[in-house]
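Q: I am new to this structure and would like a close look at one part of it. Please keep to plain terms and show how that part relates to the rest.

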Amino acid sequence: QNSAFLERGVLTPDEFVAAGDQLVYRCPTWQWASGEPSKRKPHLPADKQYLVTRGVPCRSRVSSLSNAYIDDTEVDGGTGDGSGGEGWLATNVMGGDAGGGG
């Protein structure tokens, strides 16, 4: 699959796994997770479905998100021609104290 990162800012599954491997190698707070078997995506390895970070200090807490507006927008899938396929979710958090900017 050809990379569309420079044109559209999205990674192919192989690029995602390679980038995740580098992140896990260089930043020990990150690790791969397999998730629930029923929700796994076939284009990713079973043991590398998503990345999780733990033990990182955060100025903002989950309770502050209750006042925020959260919007998920589906971004066109892998082909770039609008023909469907797996899309990506872009999550936007607006308002509240979600940004932690004080």
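Which residues of helix α2 are buried?

A: This is a predicted model. The buried residues of helix α2 are P13, V17 and G20. They lie on the same side of α2, because the arc they cover around the axis is only 65°. D14, Y25 and R26, on the other side of α2, are exposed. For this reading, buried means under 20% relative accessible area and exposed means over 50%.

The helix itself runs over residues 13-26 and has 14 residues. From its first C-alpha to its last, α2 reaches 20 Å, which is close to the 20 Å expected at 1.5 Å a residue.

As for what the buried side faces, the buried residues of α2 pack against two strands, β1 (30-33) and β2 (50-53). Both strands belong to a chain with two helices and four strands. Along the sequence, the order of these elements is α-α-β-β-β-β.

Helix α2 also takes part in a salt bridge, through D21. The side chain of D21 meets that of K48, with 2.8 Å from N to O. D21 is in helix α2 and K48 is in the loop between β1 and β2, so the pair ties together parts that are 27 residues apart in sequence. D21 has a relative accessible area of 31%, so this residue counts as partly exposed. The count of salt bridges comes to one.

The other helix offers a second place to look. Helix α1 covers residues 5-8, and F5 is found there. With a relative accessibility of 44%, F5 is partly exposed. Together with L6 and L11, F5 makes a nonpolar surface patch of about 320 Å².

Some values for the whole chain give the setting. The chain has 102 residues, and 17% of them count as buried; P13, V17 and G20 of α2 are among the buried residues. The accessible surface of the chain is about 7,600 Å², and carbon and sulfur atoms make up 54% of this surface. Among contacts with a separation of 6 or more, 38% are between residues 24 or more positions apart.

To return to the part in question, α2 has P13, V17 and G20 buried, and these buried residues pack against β1 and β2. On the other side of the helix, D14, Y25 and R26 are exposed, while D21 meets K48 in a salt bridge.

Terms used:
Residues are numbered from 1 along each chain as its sequence is written. This is a predicted model: local features need pLDDT of at least 70, side-chain atom pairs count only at pLDDT 80 or more; totals for chains, interfaces and linings use all residues. Side-chain values use heavy atoms; hydrogens and water are left out. Buried means under 20% relative accessible area, exposed over 50%, partly exposed in between (1.4 Å probe, protein chains only). Contact means heavy atoms within 4.5 Å. Accessible areas come from the Shrake-Rupley method with a 1.4 Å probe; for residues, only the protein chains shown count as cover. Patches are made of residues with over 30% relative accessible area and no salt bridge: like charges are joined within 9 Å, nonpolar side chains (Val, Leu, Ile, Met, Phe, Trp, Tyr) within 5 Å. A salt bridge is a side-chain nitrogen of Lys or Arg within 4 Å of a carboxyl oxygen of Asp or Glu. The expected span of a helix is 1.5 Å times one less than its number of residues. The arc is that of the directions from the helix axis to the C-beta atoms.
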